[in-house]
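Student: I would like to learn how to read a structure that holds a ligand. Could you take me through it step by step?

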Amino acid sequence: MENTVNTTPETKKKRVLSMIQPTGMFTLGNYLGALKNFVALQNDYECVYALADLHAITVRQNPAEFRKNTLSAYAMMLALGIDPEKSIFFIQSQVPEHAQLAWVLSCYTQFGELSRMTQFKDKSSKNADNINAGLFTYPALMAADILLYQTDLVPVGGDQKQHVEICRDIAMRFNNIYGDVFTIPEPYIPPTGARIMSLTSPENKMSKSDKDPGGCIYIMQSPDDIMRCFKRAVTDSETGHCVYACPEKLGVTNLMQIYSVCTGKTMDEIEAEFDGMGYGAFKPAVGEAVVETLRPIREEAERLMKDKAYLEDILRDGAERAAYAANRTLRKVYKKIGFVQI
Ligand code: TRP
């Protein structure tokens, strides 16, 4: 199917692009923090979303698990509302232009600037036995992801902001040499990006690598498991157990935020609702709200996972539409550089 981008200037929507690595299962933090926002953006922007599986192999993956996780991540994103008719939604490795442009851009990226990336320094100190070249050149691939689609806005969390900055630098450098080839993208920090913290160590972000498995909730987790985690969530030992938000009460504030995003209630409304009730009533109520928020997503993802033919159709269509858009940019780049065209 052809990409239906509206090209008349008055009505042209801005293009948004974001990708997420399909490693492991998505967490409640991924959902409330980033994915929910991906869904909302589809109404106002031309969105391109993808699973960044090429990025994921900078860390060794078990092939069977990797394949399964990628497919279920795709199904999960459809289930939570990524609309393959409205947006272009695909798997990165299925669109070869990403790897092709990444090589070109790596020749316009300096060793020195890659060496300054905090994520590289961080990841290489954690994976001292596998500091591969891909881990180092990762920002050039991410720049290719963004620039292939002439992206205006890139919704990212704070940890990826530096990568969007280097992408801008690479794009401007390229444009300075060859003329206006790439749109210069901007990082887009969503106005209501909920930052969900671990349930057991609320000073840390909710993460799959949480040492205590009770700290992290997964979109596909069973309601019983979810309820158990919320009942065990860390609050504080304050007498009176009042439900109110304040910076010192990290655990309670986090639970209130989760409850707020799931129910749409404000922090004031939540305080009033649980006035005088204590954490014993509050924690299971948050658990229930999360269970009910995730239930339709989990059920729909399970249904989709069984419908292999449908999933394959959507995957193929997404990859074709992405390749169509990506190829236009790549052709232009190849021509500007002086590669022989046939
Ligand atoms: N590097 C991002 C992460 O690890 C994922 C990613 C890959 C991405 N390509 C991107 C994010 C392009 C935004 C735009 O989370």
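Tutor: We will go from the surroundings of the ligand to its polar contacts, and then to the salt bridges, bearing in mind that this is a predicted model.

Student: How many residues surround the ligand, and which are the closest?

Tutor: One begins by listing the residues around the ligand, and here 13 residues surround it, the closest being Gln21, His55, Tyr138, Asp145 and Gln160. By residue class, the shell divides into eight nonpolar, four polar and one charged.

Student: Which element supplies the largest share of the shell around the ligand?

Tutor: The largest share comes from α7, with four residues. Helix α7 covers residues 133–148, and both α7 and β1, which covers residues 15–20, supply at least two residues each to the shell.

Student: Which side chains have an N or O atom at a short listed distance from a nitrogen atom of the ligand?

Tutor: For such contacts one looks at pairs of N or O atoms, and in the side chain of Tyr138 such an atom is 2.7 Å from a nitrogen atom of the ligand. For the side chain of Asp145, the distance from an N or O atom to a nitrogen atom of the ligand is 2.7 Å. With Gln21, a polar side-chain atom lies 3.1 Å from an oxygen atom of the ligand. As for cover, the ligand on its own has 360 Å² of accessible area, and the protein covers 90% of it.

Student: Where does the ligand sit?

Tutor: The ligand sits in the largest pocket.

Student: How many salt bridges does the structure hold?

Tutor: The structure holds eight salt bridges, and one of them joins Glu46 to Arg15, with 3.9 Å between the closest N and O atoms. This pair links distant parts of the chain, 31 residues apart, since Glu46 belongs to strand β2 (residues 46–51) and Arg15 to strand β1.

Definitions and conventions: Residues numbered from 1 in each chain as written. Predicted model: local features only at pLDDT ≥ 70, side-chain atom pairs only at ≥ 80, totals over all residues. Heavy atoms only, no water. Near = heavy atom within 4 Å. Polar contact = N/O pair within 3.5 Å; in protein donor to acceptor, adjacent residues only side chain to side chain. Areas by Shrake-Rupley, 256 points an atom, 1.4 Å probe, with all protein chains shown as cover. 1 Å grid on protein atoms, 1.4 Å probe; cavity = no way out; pocket = protein on both sides within 12 Å on 5 of 7 lines; lining within 4 Å. Sits in = over half its atoms within 2 Å of the grid points. Nonpolar A, V, L, I, M, F, W, Y, C, P; charged D, E, K, R; others polar. Salt bridge = Lys/Arg side-chain N within 4 Å of Asp/Glu carboxyl O.
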